[in-house]
Amino acid sequence: MATDPPATVATSNALAARELEWAKNTPALLAEHAAINAGVVRTRFPPEPNGYLHVGHAKSMNMNFSLAFDKLGVPAEQRRTIFRYDDTNPDAEESEYIDSLRRDLAWLGWTPERTTYSSDNFQTLYELAVKLINKGLAYVCDMTKAEMEAQRDLAKRRSAARAVGKDPDAEAPIPSPEVLPGRNRDTPVERNLKLFEEMRLGLHDEGTLTLRLKMDFESANPNMYDLVAYRIRYTPHPHAGSGWCIYPNYDFTHGICDSLERIDYSICTLEFETRREPYYWILWALDMFRPQVYEMSRLNLEYTVLSKRRLLKLVNAHHVRGWSDPRMPTISGLRRRGYTKEIINTFCNDVGATRAMNVVQMDKLFQVARQTLADTTQRAMAVLDPIKITIGNFAEEAAKAGEGGMTFAVQNSPTDASLGSHTVTLTETIYIDAEDFRLDEDPNFYRLTPGQPVGVKYQGGNLVCDEVVKDGETIKELKCHLDSSEGRPKPKSHITWVPSDGLSCEVRVYSHLFTEPEPSDRWEEELNPESEVVHPNAIVDPSVLQLVDAKDVDKWKSNQALQFERLGYFVVDTDTTFDATTKKGKLVFNRTVSLKEDKAVKKVSNAEVEQQRKRAEQQRSAAAARDILMTIEPKDLFRLAPEYQGKYSKYDDAGIPTHLADGTEVTKSAKKKLAKEQAKHAKKFAKNKK
């Protein structure tokens, strides 16, 4: 039953990883590959078009288009990267996703050698499947999904027994060859060719037949348990059309496509590490060139999720506005929030690519954004929750102002004069932010109160509150006067303001989507209810008028970014309908990031730091244990789950323990508790598989 168990081979390559005997190319294959590639080194970026690209894909793009070549020391003129749509599942793929992948790749600045589709190789893949049948290495199988799961489960238990030196025939006996290796495995080539052709012609129903690879049921790797290479699907393909009713699966397709496209380095994330056995076995069986496979750690980013299943649920359950919601980690969401390609690519470069698992702090992305936007954005003044200010002595102060009056020149950038300047004009009526005024006196509050003046930015005088006009408990207006006298008291701070002709706008302030740095399997309960705070009555100064017209806004590009003084970096949102000529329509801004890191200053002791580190480690360990648990079938819970290892020796047909490890019979009440535990696990397991 076994197929030449693989042996590990050492390598000194910069992208070295676990190699197998199957991975070794013959001298003839190496010579052919070298002649065709003619000195170039080729990678590929192969996303599946079943959702929008996210920041994890940005890391993969950075690796495949740039960082991998840097690690290998490949000269620029010899670098090639193929952009491939891994489109073998027509049930999950849509033209919307196909279009978005192409646009996001281009927006991030990556230029592929060429764009390909796995589906363009459907005929070749079919012919290679026939070749495997003729070699006796593939067969048509009529086992149901449940039968295959039972077969796989039995093979896993037998492998587990062998791993600890036990007799698999005693620990997990084979009830019948119909189960393992299966009733179809050793059927004649002629029968399998005939049935596979009938599958292609649409003569069988979905779910009745599959083509499986004759691999190795004695392997310690379950991915070698006769994988399904083809299944029947009567679903038109978004790219290939309706010409096929059988589709190859991922494991069969991607290695072959890598070889056909003359890929040198097939780079993926660590969860695919156990897939290298089938990857290389298939290419070995077909005597095709074998690229070098390298697995890197996936990007794990604080306060978000990158699972496509979870992202899809966020969208479908209306927890967010859609795939491009600024809180989403998708490229579309990041772009809409104001993250430019320079920010994202710099962040990915800083994170790098290793095999070490880690969780990247969101503050690293925020800091890259601040550093990038500080050098490129025009500043303006804005208020989120405006309070009207009427300056009683405005005419008198304006008369004293001399040439230029109450109009002031402001550099667009406080540090770079080459970015030009704009003007702001103080008017008799201005607006300040509600956070800049308090009714009660407070020695720790440095802005405007009835008894404490505050400086007016750019004008330089003091704003003194004379009267508070209220409607019930709501402050409607502050009647003030300006004090520009030479002997005026020095203010504790200066506040920003907007004039009477400021532009009304809506400002959306974003924070973390989740309350937990590492969302758990209860992630929907950990959503942050304040991840989006909308200020519908905000006002921005009119200096930005010509920068915010809706005609210049496009969801596929970086839109106008601005620095709102004291508030952060903002970007014009795609919901904007504002016309700069008529000053009509809705103007919407999203906050990209605050000006400084939002963190309360608190002295933390070394003991607290160590306690936080241990708590984080415990959370990561618990999350890893939950992930392992979600791979265990309910009936195997008490046999395979780490927490139950060594506790029991015998089980009933449902998998409930009947005897403890020492042979003592489990009590009825204990069995009931275990059955309840298994039922709870079954619910979680079923939910996780959806």
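**Exercise 1. Which elements do the buried residues of α10 pack against?**

*Solution.* First, a word on the model: this is a predicted model in which local features need pLDDT of at least 70 and side-chain atom pairs count only at pLDDT 80 or more, while totals for chains, interfaces and linings use all residues. Residues are numbered from 1 along each chain as its sequence is written, and side-chain values use heavy atoms, with hydrogens and water left out.

Step 1: Find the helix. Helices (H or I, at least four residues) and strands (E, at least two) are DSSP runs, numbered from the N terminus. α10 spans residues 276-286.

Step 2: Check its burial. Buried means under 20% relative accessible area, exposed over 50%, and partly exposed in between (1.4 Å probe, protein chains only). In α10, 10 of the 11 residues are buried, including Tyr 280, Trp 281 and Leu 283.

Step 3: List the partners. The buried residues of α10 pack against α4, β5, α9, β8 (265-269) and β9 (292-296); contact means heavy atoms within 4.5 Å.

**Exercise 2. Describe how α4 and α9 pack.**

*Solution.* Step 1: Two packed helices are described by the angle between their axes and the distance between the axes. Axes are lines fitted to C-alpha atoms, for helices over the stretch in contact, and angles run from 0 to 180 degrees between N-to-C directions.

Step 2: For α4 (residues 122-134) and α9 (residues 250-260), the angle is about 110 degrees and the axes are 11 Å apart. That makes α4 roughly perpendicular to α9. For the wording, angles under 35 degrees count as roughly parallel, over 145 as roughly antiparallel, 65 to 115 as roughly perpendicular and the rest as oblique.

Step 3: Look at the residues that meet. From α4 come Thr 124, Leu 125, Leu 128, Ala 129 and Leu 132, and from α9 come Phe 252, Thr 253, Ile 256 and Leu 260.

**Exercise 3. Locate the largest nonpolar core and one of its well-connected residues.**

*Solution.* Step 1: A nonpolar core is a set of buried Ala, Val, Leu, Ile, Met, Phe, Trp, Tyr and Cys residues joined through side-chain atoms within 4.5 Å.

Step 2: The largest one has 40 residues, and Tyr 230 is among those with the most contacts inside it. Elements that each supply at least two residues of this core include α4, α9 and α10.

Step 3: Leaving aside neighbours within four places in sequence, Tyr 230 is in contact with Leu 125, Phe 196 and Phe 252, among others.

Step 4: Nicely done; now look beyond this core. A second, separate core of 35 residues includes Trp 107 and Phe 366.
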